[in-house]
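Visitor: Can you walk me through this one? I'd like to start with the surface and then move inward.

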Amino acid sequence: MKTKTVRGIPFADATAEEVLSYLLDASAAGRQFAVFTPNAEILQHAAEDEAFRQVLLSGDVIVADGVGVLRAAEILGKPLPEKIAGVELGERLAGNTDFPVYFLGGKAGVAEEAAARLSEKYPRLRVAGCHDGYFTKIGAENDLVLEAIRASGAGVVFVSFGSPAQEEWIADNREKLPDVRLLLGLGGSLDVYAGREKRAPAFLIRCRLEWLWRIVRHPSKIGRLFSALRLLRDARREAKQNK
């Protein structure tokens with residue numbers, strides 16, 4: 001898949017439909033893919049933290065989940081076709097994959113609710129299993145979760161711990177899940193699937209204002225806006241240096 005490098009991270013230079021088709025075909029062919037969906041805050045974290053940048057670079061498919069990423073790409077003269085929201089990509093994959101899906105993350109009961117709601121919406125979806133995200137990510141507890149995923153026969157795993165925990169977990173554990181074809185870092189998507197969190201109205205998404213909706217609903221996340229502003233500032237500096 002073609003990519004464009006934005007602030008050191010290679011993003012898929014493709015539409016959501018193209019990414020979905022690519023992942024379905026690649027997983028059917030037997031290859032394993034880690035899929036990351038960074039927004040502006042995550043991308044800025046990678047630009048400021050080399051260790052995390054290397055974690056993000058371990059992803060096989062990286063999509064731009066945020067208008068801040070799209071704007072940074074535009075400033076750098078590397079425009080991407082469209083925003084690819086992880087929550088949308090995950091849902092479309094759930095409705096189209098032939099592999100059983102394991103739901104991992106969220107508070108107690110969230111993964112089960114998410115799986116049940118998506119199963120009602122997409123009858124072909126096969127649920128391999130569910131587990132909350134509140135377990136120690138190394139050692140005995142983590143080993144038990146890995147064993148549960150392996151025993152479930154899952155071919156796809158939705159990992160919803162939030163960043164950077166989900167990307168680090170996927171990077172650290174993908175080789176221990178050789179039969180899993182796709183591991184997706186999907187942030188708070190399970191809460192949306194479960195109906196515990198609402199996305200912005202469609203008109204705000206079209207106007208690139210989903211970030212405003214999130215800040216209004218969760219004022220404590222205002223720090224994400226400052227991360228996005230730093231990302232755009234640094235992108236402008238890079239663009240000037242490259243002239």
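Visitor: How much area does the chain expose?
Guide: In this predicted model, the chain exposes about 11,500 Å². Carbon and sulfur atoms supply 52% of that area.

Visitor: And what percentage of the residues count as buried?
Guide: Of the 243 residues, 46% count as buried.

Visitor: How many helices and strands are there?
Guide: The chain has 12 helices and 8 strands. Its radius of gyration is 17 Å, close to the 18 Å from the globule rule for 243 residues, so the chain is as compact as a globular protein of that length. The C-alpha trace spans about 55 × 35 × 35 Å along its principal axes.

Visitor: Now the core. Which residues touch the most other members of the largest nonpolar core?
Guide: Phe-11, Leu-104, Ile-149, Val-157 and Trp-169, out of 42 residues in that core. Val-157 has contacts with Leu-104 and Ile-149, and also with Tyr-102, Val-180, Leu-182, Leu-183 and Leu-184, leaving aside residues up to four places away in sequence. A second, separate core has 33 residues, including Val-35 and Val-101.

Visitor: Back to Leu-104. What does Leu-104 stand opposite?
Guide: His-131 in β6. Strands β5 (residues 101–105) and β6 (residues 127–131) run parallel and are joined by 4 bridges. With helix α6 (residues 110–121), β5 and β6 make a right-handed β-α-β unit.

Visitor: Different spot: is Ser-189 buried or exposed?
Guide: Ser-189 has a relative accessible area of 4%, so Ser-189 is buried. Ser-189 lies in helix α9 (residues 189–193). Not counting residues up to four places away in sequence, Ser-189 touches Gly-86, Val-87 and Ser-160.

Technical notes. Residues are numbered from 1 along each chain as its sequence is written. This is a predicted model: local features need pLDDT of at least 70, side-chain atom pairs count only at pLDDT 80 or more; totals for chains, interfaces and linings use all residues. Side-chain values use heavy atoms; hydrogens and water are left out. Two strands pair if DSSP finds at least two bridges between them. Helices (H or I, at least four residues) and strands (E, at least two) are DSSP runs, numbered from the N terminus. A crossover is right-handed if, with the strands pointing away from the viewer, the path from the first strand over the helix to the second runs clockwise. Buried means under 20% relative accessible area, exposed over 50%, partly exposed in between (1.4 Å probe, protein chains only). Contact means heavy atoms within 4.5 Å. A nonpolar core is a set of buried Ala, Val, Leu, Ile, Met, Phe, Trp, Tyr and Cys residues joined through side-chain atoms within 4.5 Å. The radius of gyration is taken over C-alpha atoms; the globule rule is 2.2 Å times the number of residues to the power 0.38. Accessible areas come from the Shrake-Rupley method with a 1.4 Å probe; for residues, only the protein chains shown count as cover.
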